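Got your viewer open and ready? Take a look at the model below, then come along for a short walk through it.

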Amino acid sequence: MPQWPSLQLPAAAAAAAAARRATPFALCRSSSSSVSASASNQDLVACSWQKEDEAEAQSLVVVGGGAAGVYASIRAKSLAPHLNVLVFDKGRFLSKVKISGGGRCNVTNGHHLEPLGMARNYPRGHKELRGSFFKNHGPQDTMRWFSDHGVELKTEDDGRVFPVTDNSASIVDCLLNEARRLGVSLQAGKAVTGASVTENGKFVVKVEKRTVDFVDHVNAKYVLVATGSSQQGYSIAAQFGHSIIAPVPSLFTFKITDKRLADLSGVTFPIVKAKLKLDGIKRSAPELTQIGPMLVTHWGLSGPVVLRLSAWGARELHQYNYQAKLTVDFIPDIHIEDVKRILFLHKDHHASLDGDMHWASIPNNNLNTVALRLKQWMFEVVAKGQFKDEFVTAGGVPLSEISLSTMESKKQPNLFFAGEVLNVDGVTGGFNFQNAWTGGYIAGTSIGTLASSNMRQQQPYLQLDGS
C-alpha cells in the first residue's frame, strides 16, 4: 500500500504532534466520529486525556544505562514511587562496570573519605568538586549503599574498593535487580537520537532501535543524560544550547620504544617517582610528578603512576601528539649520594656485571653513572598505549553550565546530567565510578523530590466528581 506523503509542520507544531504520538506514557487515546457525542462520552475522553497528561507530568527518561544512569534511576524511583522511569541504552546495561578493574569492578576508593581530599583526584573537576558535591554522597555512602543491598566490599592496601567476590557481576546484578524491583523500565538496544521541548515545557525524546526499522517518541517531564563519553550525550546537550569541551583520551599507558626495557617486560616496580615533561610546556605542574607502582610492558610503561600522569597531562599530551619525556626515579626513598655510597661500599661483594667485567673493577665514574641512571632514567614517550574498552575521556559539558547541587542544566529546566558526559574525570583507583555514583545520586534526588512535590500539588485536582 502506498504511503501517505509526510506533512511538513513548523517546529513547534511538529514537537506538539510528536508529543501526541508518544507511546510509553500514553494511558489511552479516544476519538469520536460523531459530532453529537454524549456528555458522558465527552467526560470519559476528558478524563482519559487528564490521566495521560498526569502520566506525562510524572515521567523521567534516563539516557544511558551506565553507573550514573542506573544509580540515578534507582534513587529517583525510591523517592517517588509513582514516577514513571525509563532507562534507554543503545548497548547493554552497565557494560563498563562489568569490565572495569579487570572484571572485578573498582567500586570506589576508601582512602579519600574527606570531600577536599577526594576532589584532588580529579584532573578536570578538582576545583569545582571541593564544595558540597561529595558531602551529598561520598565514598562511605556508596559503600554503605552496596552493603545495605547485600554486596560485601573490601578495601585493598592502595585504597581501591572491590566486592569480596572479586567479580563485577556482584555489582551489576545488585543494581539491575534493585532497579527492576522498584519498577524501573530498562530498555536495552535502543538509542536516544534527539530531544525537543514542547510549548508547555514537556520533553519529546526520539528513540530508535538500529537493528530494526523502529522509531518512537517518548514524552517526559524530566530527562537525565548519563551517556558517558558517547557522542550521543554531547549531541543532546548541544541541542539544548550547551557547549562541549572537545573530549580527549585520559588514563592510558605510554608507548616507549627503548631497547633497554625489552628484557624487563612484565616486571613491576613497587614504587617509583616519575615526572612528565613536554617540550612546549614551560611550567612544572606538581601533578605532573607522581609516585607509585610502575609496570614494564612489551610496548612501554604502565601501572598506576603512569595512568595518573596520563590523566593530569591528558590535554597537553594530546596537543603535542603524545610526544614527551619521562624521567623515572627507581629508588625515590634514597638520595643519590646515598646510592653512590651504597654502590661503592658493596662494589667488592658483587659478581660479574656482564660476564666480562667484574663489579669490583668498574671505575667509580661508571658507578656514578649507574647511580644517576637509577635516580634519573630518561625515556622518550612516542605515543599513547593501546586502546582499551574501559578508557576514560577528558572533556564534555562544562561544569559551569550545570548546578552541582542538583545536577540540573542552567540552560534548560528539568534537564539533568551525571557522570562522564560532564567535563569531569578522575585518576585511576575508583574515582571515576565515585563521580558517577555521586552525580547520579544527586540528580536522582533532585528529580525524585521534584516529582513528589508536583504530585502533592496535583492531588487535589485529580479527584473525579462524585468520587
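Here is a tour in a few stops, with something to select at each one. Keep in mind as you go that this is a predicted model.

**Stop one: the big core**

Start by selecting Leu-175, Leu-224, Phe-254 and Leu-326. These four touch the most other members of the largest nonpolar core, which has 106 residues. Now add helix α14, residues 431-458: with eight residues, α14 gives the most to this core. Try colouring the two domains next, domain 1 as 59-249 + 393-457 and domain 2 as 252-350 + 359-384; the core draws at least three residues from each of them.

**Stop two: around Leu-175**

Zoom in on Leu-175. What is it in contact with, once you leave aside its neighbours within four places in sequence? Show Val-70, Tyr-71, Ile-74, Leu-94, Trp-145, Phe-146 and Trp-437, and you have the list.

**Stop three: Leu-94**

One of those contacts of Leu-175, Leu-94, deserves a click of its own. Follow the chain from β2 (84-89) towards α4 (95-103), and you'll find Leu-94 in the loop between them. Its phi is near 55 degrees, a positive value in a residue that isn't glycine. Is Leu-94 buried or exposed? Its relative accessibility is 2%, so it counts as buried, the cut-off being under 20%.

**Stop four: Asp-166**

Now jump to the loop between β5 (160-163) and α8 (169-182), where Asp-166 sits. Asp-166 isn't a glycine either, yet it has a positive phi of about 55 degrees. Its surroundings let some of it show: with a relative accessible area of 31%, Asp-166 is partly exposed.

**Stop five: a three-stranded sheet**

Select β7 (191-197) and β9 (214-220), the edge strands of an open sheet, each pairing on one side only. The sheet has three strands in the order β7-β8-β9, with antiparallel pairing. On average, neighbouring strands here are turned by 20 degrees against each other, direction ignored. Add β8, residues 203-209, and look at where it runs alongside β9: the two pair in the antiparallel sense over seven bridges. For a detail, pick Glu-208 and look across to β9, where Val-215 stands opposite.

**Last stop: another core**

Finally, select Ile-336, Leu-343, Ile-362 and Leu-367. They are among the six residues of another core, which lies apart from the largest one.

Conventions: Residues are numbered from 1 along each chain as its sequence is written. This is a predicted model: local features need pLDDT of at least 70, side-chain atom pairs count only at pLDDT 80 or more; totals for chains, interfaces and linings use all residues. Side-chain values use heavy atoms; hydrogens and water are left out. Helices (H or I, at least four residues) and strands (E, at least two) are DSSP runs, numbered from the N terminus. Buried means under 20% relative accessible area, exposed over 50%, partly exposed in between (1.4 Å probe, protein chains only). Two strands pair if DSSP finds at least two bridges between them. Axes are lines fitted to C-alpha atoms, for helices over the stretch in contact, and angles run from 0 to 180 degrees between N-to-C directions. A nonpolar core is a set of buried Ala, Val, Leu, Ile, Met, Phe, Trp, Tyr and Cys residues joined through side-chain atoms within 4.5 Å. Domain bounds come from an automatic or database domain assignment. Contact means heavy atoms within 4.5 Å.
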